[in-house]
Amino acid sequence: QLQASGGGLVQAGGSLRLSCAASGRTFSSYAVAWFRQAPGKEREFVATISWSGGSTYYADSVKGRFTISRDNAKNTVDLQMNGLKPEDTAVYYCAATQLYGATTTRLYDYWGQGTQVTVSS
């Protein structure tokens, strides 16, 4: 029901835009977040946006570099990633919850399949 796309290989300092598309149901009443998981590490919170798009919250590690946005008419949530660093390399997942502000994976009801982001130094 959630499909993440837009990942790829980019050099340090570059940009990528990830997109999360919902199908089968509307997610306009859900908060949506991006998480990421690097090899050998736990899945970690990256950013979240409220159902209306009026509120956003970011992990300290990406604040000022990443921007989350949504278009409820298109049922999509994007993550614009600028100033990418090698430590941003991970599989990125989008997820939906009715609890805006949640930063732990267990509070999310729906998950996309993930898209790989690789940042070379």
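**Asking why: a disulfide, a sheet and a cavity**

Me: What makes the disulfide of Cys20 and Cys94 right-handed?

Reply: The torsion about the S-S bond of Cys20 and Cys94 is about 70°, so this disulfide is right-handed. Before we go on, this is a predicted model: local features need pLDDT of at least 70 and side-chain atom pairs count only at pLDDT 80 or more, while totals for chains, interfaces and linings use all residues. Residues are numbered from 1 along each chain as its sequence is written, and side-chain values use heavy atoms, with hydrogens and water left out.

Me: How do you know that Cys20 and Cys94 form a disulfide?

Reply: A disulfide is a covalent bond between the sulfur atoms of two cysteines. The test is a pair of cysteine sulfur atoms within 2.5 Å. The sulfur atoms of Cys20 and Cys94 are 2.2 Å apart, so the pair passes. The two cysteines are 74 residues apart, with Cys20 in strand β3 and Cys94 in strand β9 (residues 90-97). Strands here are DSSP runs of E with at least two residues, and helices are runs of H or I with at least four, numbered from the N terminus. A search of the whole structure finds one disulfide.

Me: Why is Val46 called buried or exposed?

Reply: Buried means under 20% relative accessible area, exposed means over 50%, and partly exposed is in between (1.4 Å probe, protein chains only). Val46 has 0% relative accessibility, so it counts as buried. Val46 lies in strand β5 (residues 44-49). Cys20 and Cys94 are both buried too.

Me: What makes Asn75 stand out in its phi?

Reply: Most residues other than glycine have a negative phi. Asn75 is not a glycine, yet its phi is positive, about 60°. Asn75 lies in the loop between β7 and β8. At 17% relative accessibility, Asn75 counts as buried.

Me: How do you know that β3 and β8 pair?

Reply: Two strands pair if DSSP finds at least two bridges between them. β3 and β8 have six bridges, in the antiparallel sense, so they qualify. Ala21 has Thr76 in β8 as its bridge partner, and Arg17 stands opposite Gln80 in β8. β1 and β3 also run antiparallel, joined by four bridges. Here Gln3 stands opposite Ala21 in β3.

Me: What makes a strand an edge strand in the open sheet, and which strands are they?

Reply: The open sheet has four strands in the order β1-β3-β8-β7, with antiparallel pairing. β1 (2-5) and β7 are the edge strands, as each pairs on one side only. From one strand to the next, the twist averages 15°. Axes are lines fitted to C-alpha atoms (for helices over the stretch in contact), and angles run from 0 to 180 degrees between N-to-C directions.

Me: How do the side chains along β3 point?

Reply: They alternate. Leu16, Leu18, Cys20 and Ala22 point to one face and are buried, whereas Arg17, Ser19 and Ala21 point to the other and are not.

Me: Why is an empty space called a cavity?

Reply: On a 1 Å grid over the protein atoms alone, a cavity is a set of points where a 1.4 Å probe fits but cannot get out; lining residues have an atom within 4 Å of a point. The structure holds one cavity of 30 Å³ or more. The largest cavity has about 60 Å³ of space, a volume being the space filled by probe spheres set on the points, which are joined across faces, edges and corners. Among its lining residues are Cys20, Asn75 and Thr76.

Terms used: On a 1 Å grid over the protein atoms alone, a cavity is a set of points where a 1.4 Å probe fits but cannot get out, and a pocket is an open set with protein on both sides within 12 Å along at least five of seven lines; lining residues have an atom within 4 Å of a point.
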